[in-house]
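User: Take one part of this model and give me a close look at it, please. I'd like a single connected walk through the packing, with the cut-offs spelled out as you go.

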Amino acid sequence: MTVARDLDRTVARILTGGTYLSVGLLAIGVVLMAIGGVSPFAVGPAFDPARLPADLVALKPSGYLWLGLVVALATPLGRVAASLIGYVAGGERRMAAIATAILVVVFVGVLLGVAAQS
Amino acid sequence: MPDLGVVVLMIVGGVAVGVFGSLLGLGGGLLIVPMLTLGFGLPLREAVGVSLVAVIVTSSASAGVFLERHLADLRLGMTLELFTATGAMVGGLIAFLLSERVLAGLFTLLLIYTALTMARGREPKPATETTVADAALRAPTVPGDRPSGLPERRPYVVRHLGWGIVGSLFAGVVSALLGIGGGLVKVPLMHLVMGVPMRVATATSNLMIGITAAASAIIYLLRGGIDVYVAGPTAVGVFVGASIGSRSAQRVDVRVLRLLFVAVLLVTAWQMAGRALR
């Protein structure tokens, strides 16, 4: 049962770390919004991963806000990926299959979202 | 209103929602959507997208704590979240096909249901019948798997997994359509139908929210359903509020708060119904 306990702990750390990172990035974005006089009612820029590095360097609020959102969405996925690795390492095929299936479902969602974009 | 004032107001609103939700053991989604639509005039679908982000942030934080304390059942949570995520993906796609009025109507029903449930204030009774023994799901419930100093988790056997799967699919769809965590469906389902102890059901439901909401939030994000300038202040506010609420839960008389909350829910339901019938 030590393996299960270790996995719980690893997953907990991913969730906590990811949450603080995402909230930190969002908070920076909100501060930049306030400094720059950006209204929440101004229509925000659409998500564009290619523009993200430039926006971060330019200290644009949207860059930090989008990165914070992406980290927030990626945190639960990171938790599932870590569980998958733990279950594979522990030889638990059934749980590994379930973890893989969850990631596949989310990936299909991404594909459907991208397809709807174009 | 000046831009800074709106940002501050949105953060303060988020904090209030976070405190309120945390004290009453509800996710923020139930309150975030009305706050953004009725308070700030946002389109309902956009409010749902923002709510999903806030729900992910708060649930990830508390799920981490639940797992660290070994209160959440990771195996059961992952098994069921495969289906909540599937439901959420479907719900995320359906949400863009429904009109705002239909979504407002569904949200009104959710508010009324929650208000009635809270007004009755009944604590669900644990199930006694044990019919399904699933080795994989049973594994983490073995007594003795506790870090020292923590209470022993009562051993239990998960039953009626089939109903759990069906209910999880439904919870996922509801979560994606209305921007809530879905605990209103998942906790009674796990506790009453599947025989999971209440505390474990609550913690496990919380753990599942992240993936469930993420599955639909990704669709909202890619379809332009999340406004980053609204999501940022709201999510930060709700996170701070939930942290304050969880620390002060022992010092607040929840009975009075519950009555106040029922009143707030009914007024909100009335206003949301007006939106649906407009």
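Analyst:

**The nonpolar core and the helices around it**

The largest nonpolar core holds 126 residues, and those with the most contacts inside it are I102(A), V53(B), I56(B), A214(B) and A217(B). A core here is a set of buried Ala, Val, Leu, Ile, Met, Phe, Trp, Tyr and Cys residues joined through C-beta atoms within 7 Å. Buried means 20 or more other C-beta atoms within 10 Å of a residue's own, the C-beta atoms being placed from the backbone. Keep in mind that this is a predicted model, with local features needing pLDDT of at least 70, side-chain atom pairs counted only at pLDDT 80 or more, and totals for chains, interfaces and linings using all residues. Residues are numbered from 1 along each chain as its sequence is written, while chains are lettered from A and ligands numbered from 1 in the order in which they are written.

The part to look at is helix 9 of chain B, since the largest share of this core, 16 residues, comes from that helix. Helices are DSSP runs of H or I with at least four residues, strands are E runs of at least two, and both are numbered from the N terminus. A good place to start is A217(B): leaving out residues up to four places away in sequence, A217(B) touches L73(A), G49(B), L52(B), V53(B) and I56(B). Touching, or contact, is C-beta atoms, placed from the backbone, within 7 Å.

Now for the neighbour from the other chain. Helix 4 of chain A and helix 9 (residues 198-222) of chain B have axes that come within 8 Å and cross at roughly 15 degrees. The axes are lines fitted to C-alpha atoms over the stretch in contact, with angles from 0 to 180 degrees between N-to-C directions. These two helices are therefore roughly parallel to each other; the cut-offs are under 35 degrees for roughly parallel, over 145 for roughly antiparallel, 65 to 115 for roughly perpendicular, and oblique for the rest. Their crossing is right-handed, that is, the near helix is turned clockwise from the far one by less than a right angle. On the chain A side, the residues that meet helix 9 of chain B include I102(A), V105(A), V106(A) and G109(A), and their partners include I211(B), A214(B), A215(B) and I218(B). By class, this helix pair brings 13 nonpolar, three polar and no charged residues. Nonpolar covers Ala, Val, Leu, Ile, Met, Phe, Trp, Tyr, Cys and Pro, charged covers Asp, Glu, Lys and Arg, and the others, Gly among them, are polar.

Zoom out to the whole interface for a moment: 59 residues of chain A meet 52 residues of chain B. Helix 1 (2-36), helix 3 (61-89) and helix 4 (93-117) of chain A each give at least two residues to the chain A side, where helix 1 of chain A has the largest share at 19 residues. Sorted by class, that side has 39 nonpolar, 15 polar and five charged residues.

Back inside chain B, helix 9 also packs on helix 7 (residues 161-178): their axes come within 9 Å and cross at roughly 50 degrees. Helix 7 and helix 9 of chain B are therefore oblique to each other, and this crossing is right-handed too. The residues in contact are G172(B), S175(B) and A176(B) from helix 7 of chain B with T212(B), A213(B) and S216(B) from helix 9 of chain B. That makes two nonpolar, four polar and no charged residues. Elsewhere on helix 9 of chain B sits T202(B), which is buried, with 21 other C-beta atoms within 10 Å. The C-alpha atoms of T202(B) and F66(B) are 9.5 Å apart, although 136 residues separate them along the chain.

V53(B) from the core leads on to another pair. Helix 3 and helix 10 of chain B pack at about 35 degrees with axes 9 Å apart, again in a right-handed crossing. V53(B) is one of the helix 3 residues that meet helix 10 of chain B, where the partners include A231(B), T234(B) and V238(B). The classes here are 11 nonpolar, two polar and no charged.

As for the surroundings, chain B has 11 helices and zero strands, and 58% of its 278 residues are buried. Of the contacts in chain B with a separation of 6 or more, 83% join residues 24 or more positions apart.

Note on methods. Two residues are in contact if their C-beta atoms, placed from the backbone, lie within 7 Å. A residue is buried if 20 or more other C-beta atoms lie within 10 Å of its own, exposed if 12 or fewer, and partly exposed in between; C-beta atoms are placed from the backbone.
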